[in-house]
Each structure stands twice: as C-alpha cells, then as structure tokens.
Amino acid sequence: MFNSLGTVLDPKKSNTKYPEARVIVLDDNFNTFQHVANCLLTIIPSMSEQRAWDLAIKVDKTGSAEVWRGNLEQAELYHEQLFSKGLTMAPVEKT
C-alpha cells in the first residue's frame with residue numbers, strides 16, 4: 001500500500017546548498033561594550049547575554065568578531081539592523 005503521508009526527496013535537489021554568509025562586527029572608537037552587547041542581544045536570535053558580552057569583548061581585543069552565520073537573506077537583515085544601530089560592520093561575507 002502507498003503511504004500518501006511520506007515524501008520522497010530527489011537526491012539531486014536535496015543536496016542543493018543555500019547561500020550562507022557571515023555577519024561580522026568591527027571594532028571602533030565610539031561604541032561601548034554595553035551598546036554592542038545590547039544590539040547583539042536585541043537583534044540576533046537566540047543570543048544569550050553572556051555570549052553577547054563575550055563577542056563585544058572579542059571585537060575590542062581582536063578587532064572583529066563573527067556574530068552570526070547562516071543563510072544569506074537573514075545575514076543581510078541582521079547586518080542592516082546592526083548597522084542601523086550604529087555598529088561598525090564588515091561587509092556581509094558569503095561562505
């Protein structure tokens with residue numbers, strides 16, 4: 001008997017990779033740790049307060065930090081939102 005609830009994936013199509021990208025915050029001389037951490041916490045989904053602070057510190061110490069990685073469309077949205085809050089951003093980097 002045929003199970004109408006099952007789905008068969010075409011192996012040629014299921015291996016198609018969606019474009020991915022990285023969102024990178026750069027260090028600057030005017031944004032505070034608190035502002036960077038708050039922006040990350042507010043804009044990036046599933047961002048914990050501890051991770052936001054860790055990333056803000058990494059930006060300060062190393063000059064940049066990858067704050068999110070995923071599909072290109074979402075990366076562009078988060079990049080735009082962080083930029084609009086005054087953060088210094090590297091261009092969205094496709095992976």
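L77 is partly exposed in this predicted model, because its relative accessibility of 41% lies between the 20% and 50% limits that separate buried from exposed residues. The residue belongs to helix α4, and although L77 and V23 are 54 residues apart in sequence, their C-alpha atoms are 9.8 Å apart in space.

Helix α4, which spans residues 72-84, also carries Y78, and Y78 forms an aromatic pair with W68 of strand β2, so the contact ties together parts that are 10 residues apart in sequence. The structure has one aromatic pair by the rule applied here. The ring centres of W68 and Y78 are 4.9 Å apart and the ring planes stand at 85°, so the pair is edge-to-face, given that planes over 60 degrees apart are classed in this way. Both partners are buried, W68 with a relative accessibility of 15% and Y78 with a relative accessible area of 6%.

Strand β1, residues 20-26, pairs in the antiparallel sense with strand β2, residues 64-71, over seven bridges, and within this pairing A21 stands opposite G70. Strand β1 also pairs in the antiparallel sense with strand β3, residues 88-89, over two bridges, where V25 has M89 as its bridge partner. A further antiparallel pairing, again over two bridges, joins β1 to strand β4, residues 93-94, and here R22 stands opposite E93.

The side chains of R22 and E93 are also involved in charge pairing. Side chains of opposite charge can pair when their charged atoms come close. A search of the whole structure finds three salt bridges, which are set out below.

| Salt bridge | Closest N to O distance |
|---|---|
| E66 and R22 | 2.4 Å |
| R22 and E93 | 2.5 Å |
| R69 and E66 | 2.9 Å |

Because E66 lies in strand β2 and R22 in strand β1, the E66 and R22 pair ties together parts that are 44 residues apart in sequence. The R22 and E93 pair joins strand β1 to strand β4, and therefore ties together parts that are 71 residues apart in sequence. R22, E66, R69 and E93 are linked in a network of salt bridges. Within that network, E66 is partly exposed with a relative accessible area of 24%, E93 is partly exposed at 35%, and R69 likewise counts as partly exposed at 44% relative accessibility.

Technical notes
Residues are numbered from 1 along each chain as its sequence is written. This is a predicted model: local features need pLDDT of at least 70, side-chain atom pairs count only at pLDDT 80 or more; totals for chains, interfaces and linings use all residues. Side-chain values use heavy atoms; hydrogens and water are left out. Two strands pair if DSSP finds at least two bridges between them. Helices (H or I, at least four residues) and strands (E, at least two) are DSSP runs, numbered from the N terminus. Rings of Phe, Tyr and Trp (its six-membered ring) pair if their centres lie within 6.5 Å; planes under 30 degrees apart count as stacked, over 60 as edge-to-face and the rest as tilted. Buried means under 20% relative accessible area, exposed over 50%, partly exposed in between (1.4 Å probe, protein chains only). A salt bridge is a side-chain nitrogen of Lys or Arg within 4 Å of a carboxyl oxygen of Asp or Glu.
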